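Hi,

Here is the structure I said I would pass on. Have a look at it first, and then read on for what I found in it.

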Amino acid sequence: MSVIDIKDLSFAYDTQMILEDINLNVEEKDFLAIIGPNGGGKSTLLKLILGINRLKKGSISVLGKKPSQRLTKMGYVPQNTNVNTDFPIKVIEVVMMGHVGGKRPLFGYGKDEILCAMGALEQVNMQAYAETKIGSLSGGQRQRVMIARALCAHPQILILDEPTSSIDITGQRSIYELLKVLNEHITVIVVSHDISVILEYANKAAHVNKTLSYHDISDKKQTFHTHGNNEHFCEIELLQMLGADNCDACEPEDVPTWRKSK
Amino acid sequence: MIEALQFEFMQHALLAGLLVSFAAGIIGSLIVVNRMVFLAGGIAHTSYGGIGMAVFFGLPIFLGASLFAVAAALLIAVLTLKKRHRMDTFIGLIWAVGMAIGVIFVDLTPGYNVDLMSYLFGSILAVSSEDLYFMAALLAVILFVVTFWYRDILAVSYDSEYAGLRGVNVKFFYTLILILSALTVVIAIKVVGLILVIAMLTIPVYIAEKLSHSLFSMMFLSGAIASLFTLGGLWLSYTYDLTSGASIIMVSALSLGAFLLFYRGS
């Protein structure tokens with residue numbers, strides 16, 4: 001079943017074309033990695049899916065409806081969680097921001113909301129920090145809290161923008177391991193620079209640089225090991241392959257000459 | 001100081017000081033966490049335009065200043081939501097133009113007799129009963145808004161983009177915070193004057209921020225700290241015959257200095 005369906009989408013800020021003729025189909029329980037250069041339109045695409053940016057040309061449907069009608073089905077983890085660290089707010093309060101709609105008590109938060117938020121914190125293994133001020137957590141811990149906030153509304157799709165950009169290596173790995181577990185039940189879409197890690201966990205990859213090229217990478221051996229040269233690829237090669245219009249680039253004759261000579 | 005309490009003007013001054021301190025503590029917290037300090041400064045100064053117009057048209061000063069400040073807040077809200085990247089220029093403009101309007105209207109008023117200094121530096125010893133009602137009513141409104149809409153205000157202040165995605169009306173709450181700031185600035189003018197008001201909105205808040213784990217505790221702690229500073233400043237002003245607004249600010253600033261020197265925490 002397809003959860004996100006994008007057809008013939010183009011987007012421009014003023015006159016500058018950011019995205020052109022984008023078609024993308026995200027299946028249920030996919031782990032989609034969106035990669036590509038800075039300024040290539042990754043975040044713009046994400047914001048279109050989330051309904052933050054207004055759609056101008058083409059169509060996006062999320063679970064069969066317009067993005068703005070599906071906000072409660074999408075959990076969003078924004079980029080860079082190191083802003084506003086002085087803000088006096090407890091972890092549990094950040095998570096409860098994730099609640100949406102439904103009946104709410106006259107003042108403060110309802111008991112069910114607190115329970116639900118605690119449940120979300122447990123999912124990311126941060127329940128011990130519920131009463132801690134957000135600013136005193138490490139970057140990786142804070143990112144887990146942001147994921148819990150997104151999970152709070154029980155989304156069917158979890159969307160993360162550069163979730164590991166300000167986190168140390170071990171923290172990055174544990175975030176991806178967490179996403180892998182979550183992916184057993186929900187669809188995960190991750191925008192990242194960090195392609196080697198992403199390719200270990202993702203089963204689909206979309207390279208966005210104004211246009212989009214899509215790859216099913218669920219069978220990594222077949223996708224990446226047909227080049228004669230086995231075992232290892234450097235990130236530049238991976239990007240070249242994924243950035244190509246189709247998998248023809250994967251054919252041995254298209255491998256850059258410096259590579260062939262090996 | 002105790003014997004001074006038998007005077008009605010002193011009772012009014014104390015009561016006004018407490019009411020304004022709590023309003024300033026709560027709204028100051030919102031101003032600081034939303035990074036709106038410069039905005040609040042602009043609103044404070046531009047409200048002098050309202051004072052000038054009220055003097056010219058013979059209206060109550062509070063009314064004139066409130067209407068003008070709220071209008072300025074709305075203008076700033078519209079500009080911020082439309083042209084965020086040029087905000088500093090617009091605020092600077094509004095800041096100066098408001099004051100210029102005030103000065104010109106005071107010039108035009110026949111038989112000019114307004115004590116300009118009392119608006120620039122406060123006149124807490126001249127608080128009337130009507131002023132007190134106005135202050136109490138505003139504090140009641142502020143208390144209602146921040147308790148009833150606490151979670152929305154918290155969400156908008158902490159992460160407005162996310163709050164918008166969760167269905168919170170970000171523009172409404174942003175504008176509401178600005179309007180409450182404008183009204184708080186107007187009542188604080190009576191206590192410390194429009195030039196010094198910005199210190200009252202930020203110094204107690206800065207200390208409270210370090211000691212609080214939630215926005216709620218920060219708001220009320222700020223109010224309590226501001227009250228202490230106001231009472232201390234009043235005592236100083238009464239004992240040594242100093243300007244009350246300036247005394248309050250100096251007590252605040254020295255306390256902040258001591259706090260920074262001795263506080264060792266996260």
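Let me start in the middle of things, with a strand pairing in chain A: the bridge partner of Ile34(A) in β7(A) is Val191(A). Before you go hunting for that pair, please keep in mind that this is a predicted model. Its scores are ipTM 0.81 and pTM 0.84.

Back to that pairing. Ile34(A) comes from the β3 side: strand β3 (residues 31-35) of chain A runs parallel to β7(A), with 4 bridges between the two. On its other pairing, β7 (residues 187-191) of chain A is joined to β6(A) by 5 bridges, and these two strands are parallel as well. If you want residues to click on there, Leu158(A) has Val188(A) as its bridge partner in β7(A), and Leu160(A) sits opposite Val190(A).

Then there is β5. Strand β5 (residues 74-77) of chain A pairs with β6(A) through 4 bridges, again in parallel. Here Tyr76(A) is the residue facing Ile159(A) in β6(A).

So which way do the residues of β6(A) and β7(A) point? In β6(A), Ile157(A), Ile159(A) and Asp161(A) go one way, while Leu158(A) and Leu160(A) go the other, and all are buried. With 5 of its 5 residues buried, strand β6 (residues 157-161) of chain A is therefore largely enclosed by the rest of the structure. For β7(A), Thr187(A), Ile189(A) and Val191(A) point to one side and Val188(A) and Val190(A) to the other, and every one of them is buried. That strand is also largely enclosed by the rest of the structure, because 5 of its 5 residues are buried.

Zooming out, chain A contains 9 helices and 9 strands. Of its 262 residues, 40% count as buried. Among its contacts with a separation of 6 or more, 70% link residues 24 or more positions apart.

Now for chain B. What is it built from, helices or strands? There are 12 helices and 0 strands, so to speak an α run from the N terminus on, with nothing else in the list of elements. Its radius of gyration is 18 Å, close to the 18 Å the globule rule gives for 266 residues, so chain B is as compact as a globular protein of that length. Along the principal axes, the C-alpha atoms of chain B fill a box of roughly 55 × 45 × 30 Å.

Buried residues account for 50% of the 266 in chain B. As for its contacts with a separation of 6 or more, 75% are between residues 24 or more positions apart. Confidence in chain B has a mean pLDDT of 90, and 97% of its residues reach 70 or more. Helix α5 (residues 116-121) of chain B has the lowest confidence there, with a mean of 82, and helix α11 (residues 215-240) of chain B has the highest, at 94.

Finally, how the two chains meet. The contact takes 21 residues from chain A and 22 residues from chain B. On the chain A side, those residues are 12 nonpolar, 5 polar and 4 charged.

One more place to look is the largest nonpolar core, which has 161 residues; Val95(A), Ala23(B), Ala69(B) and Val197(B) touch the most other members. Leaving aside residues up to four places away in sequence, Ala23(B) touches Leu138(B), Leu139(B), Ile142(B), Thr184(B) and Ile187(B).

Cheers

Terms used
Residues are numbered from 1 along each chain as its sequence is written. Chains are lettered from A and ligands numbered from 1 in the order in which they are written. This is a predicted model: local features need pLDDT of at least 70, side-chain atom pairs count only at pLDDT 80 or more; totals for chains, interfaces and linings use all residues. Two residues are in contact if their C-beta atoms, placed from the backbone, lie within 7 Å. Ala, Val, Leu, Ile, Met, Phe, Trp, Tyr, Cys and Pro count as nonpolar, Asp, Glu, Lys and Arg as charged, and the others, Gly among them, as polar. The radius of gyration is taken over C-alpha atoms; the globule rule is 2.2 Å times the number of residues to the power 0.38. A residue is buried if 20 or more other C-beta atoms lie within 10 Å of its own, exposed if 12 or fewer, and partly exposed in between; C-beta atoms are placed from the backbone. A nonpolar core is a set of buried Ala, Val, Leu, Ile, Met, Phe, Trp, Tyr and Cys residues joined through C-beta atoms within 7 Å. pLDDT is the predictor's confidence in each residue, from 0 to 100. Two strands pair if DSSP finds at least two bridges between them.
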